[in-house]
Amino acid sequence: MVPKPEEVNLLTGESTTQQIEAEKKPPSALDEPVSHWRPRLTLNVMVDDFVFDGASLPADVHRYMKMIQLGKTVHYLPILFIDQLSNRVKDLMVINRSSTELPLTVSYDKISLGRLRFWIHMQDAVYSLQQFGFSEKDADEVKGIFVDTNLYFLALTFFVAAFHLLFDFLAFKNDISFWKKKRSMIGMSTKLWKVKKALKMSVVWRGLRPQFQFGTYSESERKTEEYDTQAMRYLSYLLYPLCIGGAVYSLLNVKYKSWYSWLINSFVNGVYAFGFLFMLPQLFVNYKMKSVAHLPWKAFTYKAFNTFIDDVFAFIITMPTSHRLACFRDDVVFLVYLYQRWLYPVDKSRVNEFGESYEEKPQRKPHAH
């Protein structure tokens, strides 16, 4: 395979020897595949004392079986399975002219019939991906999900993902029924949520003609906007130096393939940092106003589930460390919000992130007849 570019310190650069060797090679040789060494060999032997039906042998196991005839009975030798899934691309070692010794670790383990058939199917599935045009790197990431993750935890992840899809479907279905009921109550009236929040504007349809209505901020909304702006200003004083300092630190101490790689990594870390920044002003507003906005239990449950569902996938999917840490920023904000929800009273007059207020209107007293 084509070797990966070597990561170097961008300030110090390559050594003189590396520069000379690179200059001797023609440009086309840099993209030529070279031999690699697999430093690990995993052997599995099935230990279950299982009697197969000779007329209906499992097709997946049959190709790994070696038969011998002992008298009138046909026996099969212990089934040997060479685990190809555990061979990851990241573990391969380049074989060059200076290589005189290469490490080899041979590991042996027993395996049950059920686990053997599962690994055979997974190995065939990865091979099928490559036949369909998936690159070796993409297929290797799929292998990592099954090899580097406990099978019980992987099964739990699949169950949680299925439950999450069902939860999303039910939430979407409830939203549709809610909007149908609301449209039947208000006719053709439509509101723009995000615009209403920013500009205090609503759109009312008069037949086929839209009519824009502008309102004024209440005292509570004015304070919310003031505290929101104040929080963004304070957080920017902290995050701007952190992002710049982090980029300089990585340039001095971390090795990269190129300047472009360092630039992209710095921008990505900045995006993660500012994404975290935009989550915090609501907590600051709650602190200053000593209250939290009302959130219905259905919406609260949906937000809580979506907050922690990403944590499960962060452990099984191969991803950069910065992205894995970014998955937990929602948890920090949500836990602080739970503490504020316990500490402060719920104010239904406050406007939530969708520009809606859940203030209950006072009931009219019945007229005396």
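Biologist: Which strands does helix α3 lie across, and at what angle does α3 run to β5?

Modeller: In this predicted model, helix α3, which covers residues 113-131, lies across β2, β5 and β7, and its direction makes an angle of about 35° with β5.

Biologist: What order do those strands take in their sheet, and is the sheet open or closed?

Modeller: The sheet is an open one made of three strands, arranged in the order β5-β2-β7, and the pairing within it is mixed. Since β5 (80-82) and β7 (105-111) each have a single partner strand, they stand at the edges, so one side of each is left without a neighbour in the sheet. On average, neighbouring strands of this sheet are turned by 25° against each other, with direction ignored.

Biologist: Mixed in what way, then: which strand pairs with β2 in the parallel sense, and which in the antiparallel sense?

Modeller: The parallel partner is β7, which is joined to β2 (residues 40-46) over seven bridges, whereas β5 pairs with β2 in the antiparallel sense over three bridges. In general, strands of a sheet pair through backbone hydrogen bonds, and they can do so in either a parallel or an antiparallel way.

Biologist: Can you give me residues to click on, say what stands opposite N44 in β7 and what its bridge partner is in β5?

Modeller: On the β7 side N44 stands opposite D109, and on the β5 side the bridge partner of N44 is F81. If you would like another position to look at, V45 stands opposite K110 in β7.

Biologist: Changing topic to the helices, how do α9 and α12 sit against each other, and at what angle do they cross?

Modeller: Helix α9 (residues 281-289) and helix α12 (residues 329-343) have axes that come within 10 Å and cross at roughly 15°. Angles under 35 degrees count as roughly parallel, and that makes α9 roughly parallel to α12. The crossing in which α9 passes α12 is left-handed.

Biologist: Which residues meet there, and how many of them are charged?

Modeller: From α9 the residues are L283, N286 and Y287, and they meet V333, V336, Y337 and Q340 of α12. Sorted by class, that contact has five nonpolar residues, two polar ones and no charged ones.

Biologist: And α10, at what angle does it pack on α12, and which residues meet?

Modeller: Helix α10, residues 297-316, packs with α12 at an angle of about 145°, and their axes are 9 Å apart; here too the crossing is left-handed. The α10 side contributes F300, A304, T307, F308, D310 and D311, while the α12 side contributes D330, D331, F334, Y337, L338 and R341. By class this contact has six nonpolar, one polar and five charged residues.

Biologist: Something smaller now: what happens in the β3 and β4 hairpin, and which residue there has a positive phi?

Modeller: Strands β3 (residues 67-70) and β4 (residues 73-76) run antiparallel and are joined by four bridges, one of which has T73 in β4 as the partner of L70. Two residues lie between the strands of this hairpin, and G71 takes a positive phi near 70°.

Biologist: Which residue other than glycine has a positive phi, near 55°?

Modeller: That residue is K290, whose phi is near 55°. Most residues other than glycine have a negative phi. K290 is placed in the loop between α9 and β10 (292-293), and because its relative accessibility is 43%, it counts as partly exposed.

Biologist: I was also looking at V34, so where is it, and what does it touch beyond its sequence neighbours?

Modeller: V34 is in the loop between α1 (16-24) and β1 (36-37), and it counts as partly exposed because its relative accessibility is 32%. With neighbours within four places in sequence left aside, V34 is in contact with M1, P3 and V94. V34 and V94 are 60 residues apart along the chain, yet their C-alpha atoms are separated by 7.3 Å.

Biologist: For the overall picture, how many helices and strands are there, and what share of the residues is buried?

Modeller: The protein comes to 12 helices and 11 strands, and 26% of its 369 residues count as buried. Among contacts between residues at least 6 apart in sequence, 72% join residues at least 24 apart.

How values were computed:
Residues numbered from 1 in each chain as written. Predicted model: local features only at pLDDT ≥ 70, side-chain atom pairs only at ≥ 80, totals over all residues. Heavy atoms only, no water. Pairing = 2+ DSSP bridges. Axes fitted to C-alpha atoms, helices over the stretch in contact; angles between N-to-C directions. Contact = heavy atoms within 4.5 Å. Parallel < 35°, antiparallel > 145°, perpendicular 65-115°, else oblique. Left-handed = near helix turned anticlockwise from the far one by under 90°. Nonpolar A, V, L, I, M, F, W, Y, C, P; charged D, E, K, R; others polar. Buried < 20%, exposed > 50% of the residue type's maximum accessible area, 1.4 Å probe, protein only.
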